[in-house]
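Visitor: Before we begin, could you show me the model, so that I can ask how each label attached to it is justified?
Guide: Here it is.

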Amino acid sequence: RPEEALPVLETNLALMRRHWSHDEEAILNAQSNVAGCLTGLKRYDEALRLQREVYARRVARDGISYKETIGSGNNLAASLRFFQLWDEAKFLLRDQLLPAARRSLGDERSDAPSPPEPSRNPPA
């Protein structure tokens, strides 16, 4: 239940910032968790603001081709689509994330699930 989870996630984020300020990855993950919870509570404006922060920080820190940056960008794009910010979402996905994903992850991911094997027996 997001309404119960939010205070816990916010407290976790505050603790991360206070006691583990050197661990930026943990702070970004905690911010992403808060943003996801805010989305579950339909507090989309706040979630979008946090997602923008996380994505911008990841791009600045790790570059656009980093797997976690691509994931954060995808979360941001989903929120942009919700707000019907089509041009921004399209630019983010088509011009930034897709080329970065192709460069760093390849066109076909080796860890992606394989399609099911064709059945050798015809259906009855």
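Visitor: Where does Gln84 lie, and what makes Gln84 count as buried or exposed?
Guide: In this predicted model, Gln84 sits in the loop between helix 4 (67-82) and helix 5 (86-105). Its relative accessible area is 54%, and because exposed means over 50%, Gln84 is exposed.

Visitor: What is the phi of Gln84?
Guide: Phi of Gln84 is near 60°, a positive value in a residue other than glycine. Most residues other than glycine have a negative phi.

Visitor: Which loop holds Lys42, and how do you know whether Lys42 is buried or exposed?
Guide: Lys42 belongs to the loop between helix 2 and helix 3, and Lys42, which is not a glycine, has a positive phi of about 65°. With a relative accessibility of 60% set against the cut-off of over 50%, Lys42 therefore counts as exposed.

Visitor: Turning to helix 3, what makes Arg58 buried or exposed?
Guide: Arg58, found in helix 3, has a relative accessible area of 1%; since buried means under 20%, Arg58 is buried. Not counting residues up to four places away in sequence, Arg58 touches Glu25, Leu28, Asn29, Gly63, Tyr66, Glu68, Thr69 and Ser72.

Visitor: How do you classify Gln51 by its relative accessibility, and which residues are in contact with Gln51?
Guide: Gln51 also has its place in helix 3 (residues 44-62), and its relative accessibility is 11%, which falls under the 20% cut-off, so Gln51 counts as buried. Leaving aside neighbours within four places in sequence, Gln51 is in contact with Ala35, Thr39, Asn75, Leu76 and Ser79.

Visitor: Why is helix 1 called roughly parallel or roughly antiparallel to helix 2?
Guide: The axes of helix 1 and helix 2 come within 9 Å and cross at roughly 160°. Angles over 145 degrees count as roughly antiparallel, and that is why helix 1 is described as roughly antiparallel to helix 2. Helix 1 passes helix 2 in a left-handed crossing, and the contact includes Leu6, Leu9, Leu13 and Met16 of helix 1 together with Ala26, Ile27, Ala30 and Val34 of helix 2.

Visitor: What makes up the largest nonpolar core?
Guide: The largest nonpolar core has twelve residues in all, namely Leu6, Leu13, Met16, Ala26, Ile27, Ala30, Val34, Ala35, Cys37, Leu38, Ala47 and Leu50. Helix 1 (2-19), helix 2 (24-40) and helix 3 each supply at least two residues of this core, and helix 2 provides the largest share, seven residues. A second, separate core of eight residues includes Leu48, Leu76, Ala77 and Leu80. In soluble globular proteins, nonpolar side chains tend to be buried together.

Visitor: How many helices and strands does the protein have, and how many residues does the protein have?
Guide: The secondary structure comes to five helices and zero strands, which follow one another along the sequence in the pattern α-α-α-α-α. The protein has 124 residues, of which 27% count as buried. Its accessible surface comes to about 8500 Å², with 53% belonging to carbon and sulfur atoms. Among the contacts with a separation of 6 or more, 52% are accounted for by residues 24 or more positions apart.

Key:
Residues numbered from 1 in each chain as written. Predicted model: local features only at pLDDT ≥ 70, side-chain atom pairs only at ≥ 80, totals over all residues. Heavy atoms only, no water. Helix = DSSP H or I, 4+ residues; strand = E, 2+ residues; numbered from the N terminus. Buried < 20%, exposed > 50% of the residue type's maximum accessible area, 1.4 Å probe, protein only. Contact = heavy atoms within 4.5 Å. Core = buried A, V, L, I, M, F, W, Y, C linked by side-chain atoms within 4.5 Å. Areas by Shrake-Rupley, 256 points an atom, 1.4 Å probe, with all protein chains shown as cover. Axes fitted to C-alpha atoms, helices over the stretch in contact; angles between N-to-C directions. Parallel < 35°, antiparallel > 145°, perpendicular 65-115°, else oblique. Left-handed = near helix turned anticlockwise from the far one by under 90°.
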